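I opened this structure to look up how its strands are arranged and which charged side chains meet. These are my notes, written in the order in which I checked things.

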Amino acid sequence: MERIYIFTGKGGVGKSSVAAAHAIKSAGEGKQTLLVSTDMAHNLGDIFECKLGKEPETVLPCLQLYEIDPEYVMQKEFSFIMDYLAKLLGGTEENDMRDVGMIPGMEELFSLLKILEIYKQGSYDRIIVDCAPTGETLALLKFPELLSWYMEKLFPIGKVGVKLLAPVSKTVFKVELPNKAAMNDIEKMYLKLYELQELLKDRSVTSIRIVATPEKMVVEETKRNYMYLNLYNFNVDGIYINRILPPDIGNPFFEGWLKIQEDYKNELRECFAALPIYEIYWYDEELRGERAVRRMMEDALQGDVFAGKAIVGRETFRQNEKGYVLEVYLPNTTKENLDLYQADSAVIVKADNFKRNIPLPNVLCSYEVTGARYENERLRTGR
């Protein structure tokens, strides 16, 4: 296995087309490639003009497409988790387990767990993931870490405590606590979540790439998206500016649009100067079918677009003469939009509407945060 490439961006910017172009290029290099969609509004079948089922389908030599159906994956591969959750929510074995999928975040979680399983099988050289729009993608990527954190808080009492409390909870609260077998399943689930976190944040394996268009709202969301992804320590290693009008379009109607697009292209170039930037023209046809996608690939994806590298390091704890310092890379924001505080054995960093719990190493659990400052696009604790 070489790498996993995750494409995200605001809705309607052309993520699926850009991901498809990468998939065709990868397959053309002789690499076994899987193009997978985690967006519930799948459109890979529309782009390649073929009908897809619930399992990967071969569409070209070395290229398979897969539109994940989370409910199918939950029932087929993670039924043990579904059974326990149904009981926890007051259901019975005879009840339809599909209601469990209504728990917020569960569909996204099982989509990621399926990608983890595919990666571990080692059948593909490259996995290219077409994600949902920005907000859903952020929820998708941060969910394993968030759920792991809650599991650590909810199940510290161990199997002895559960054994003592189970009869009381079932009688008084009508809630069935996990039995010994279920606790083993919860432990398995926790280990899977940990494994999933490590995979998504492994900079030698996973790259996240943002697709944008040269428009005001898209540019602003792209900058925020980049900041949020760095808050959660994901490796963003490429920006794609899509739907650029050709400069020689020769139509007075588009003169104003050409100027607007040039201004926003320059803004994106300045904000993401440290990243590889790819520019893709707006074509005179729909991007449907292999020929149209291949045209984009040949025009825009020159050179080794699969070189993937770590652009910025992860958050770090380091020691200085005054104690320890936590440093987090947070571009495209201001100190007014940031907040930091300590809760139990974690440092909570809040950026706009998103927050992250960063666990403290054991050696630092007895320490207190004495201050923080934001400078040079980095948030640092300490004085």
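**Notebook: sheets and salt bridges**

I looked first at an open sheet of four strands, which has the order β9-β10-β15-β14 with antiparallel pairing; two strands pair if DSSP finds at least two bridges between them, and helices (H or I, at least four residues) and strands (E, at least two) are DSSP runs numbered from the N terminus. Here β9 (316–320) and β14 (372–375) stand at the edges, each with a single partner strand, so one side of each has no neighbour in the sheet. From one strand to the next the twist averages 25 degrees, where axes are lines fitted to C-alpha atoms, for helices over the stretch in contact, and angles run from 0 to 180 degrees between N-to-C directions.

I noted that this is a predicted model, in which local features need pLDDT of at least 70 and side-chain atom pairs count only at pLDDT 80 or more, while totals for chains, interfaces and linings use all residues. Residues are numbered from 1 along each chain as its sequence is written, and side-chain values use heavy atoms, with hydrogens and water left out.

Within the four-strand sheet I found three bridges joining β10 (residues 323–329) to β15 (residues 378–381), which run antiparallel, and Tyr329 stands opposite Arg378 in β15. I met Arg378 again in a network of salt bridges that links Glu327, Arg373, Glu375, Arg378 and Arg380; a salt bridge is a side-chain nitrogen of Lys or Arg within 4 Å of a carboxyl oxygen of Asp or Glu.

Next I turned to the open sheet of three strands, whose order is β11-β12-β13 with antiparallel pairing. Helix α9 (residues 216–231) lies across β12 and β13 and runs at about 175 degrees to β12.

Which side chain does Glu221 meet in a salt bridge? I found that Glu221 meets Lys10, at 3.4 Å from N to O. Glu221 lies in helix α9 and Lys10 in the loop between β1 (3–8) and α1 (15–28), so the pair ties together parts that are 211 residues apart in sequence. Glu221 counts as buried at 17% relative accessibility, whereas Lys10 is partly exposed at 26%; buried means under 20% relative accessible area, exposed over 50%, and partly exposed in between (1.4 Å probe, protein chains only).

I also recorded a salt bridge between Glu220 and Lys223, with the closest N and O atoms 3.3 Å apart. Both lie in helix α9, three residues apart, which is about one turn of the helix.

How values were computed: Contact = heavy atoms within 4.5 Å.
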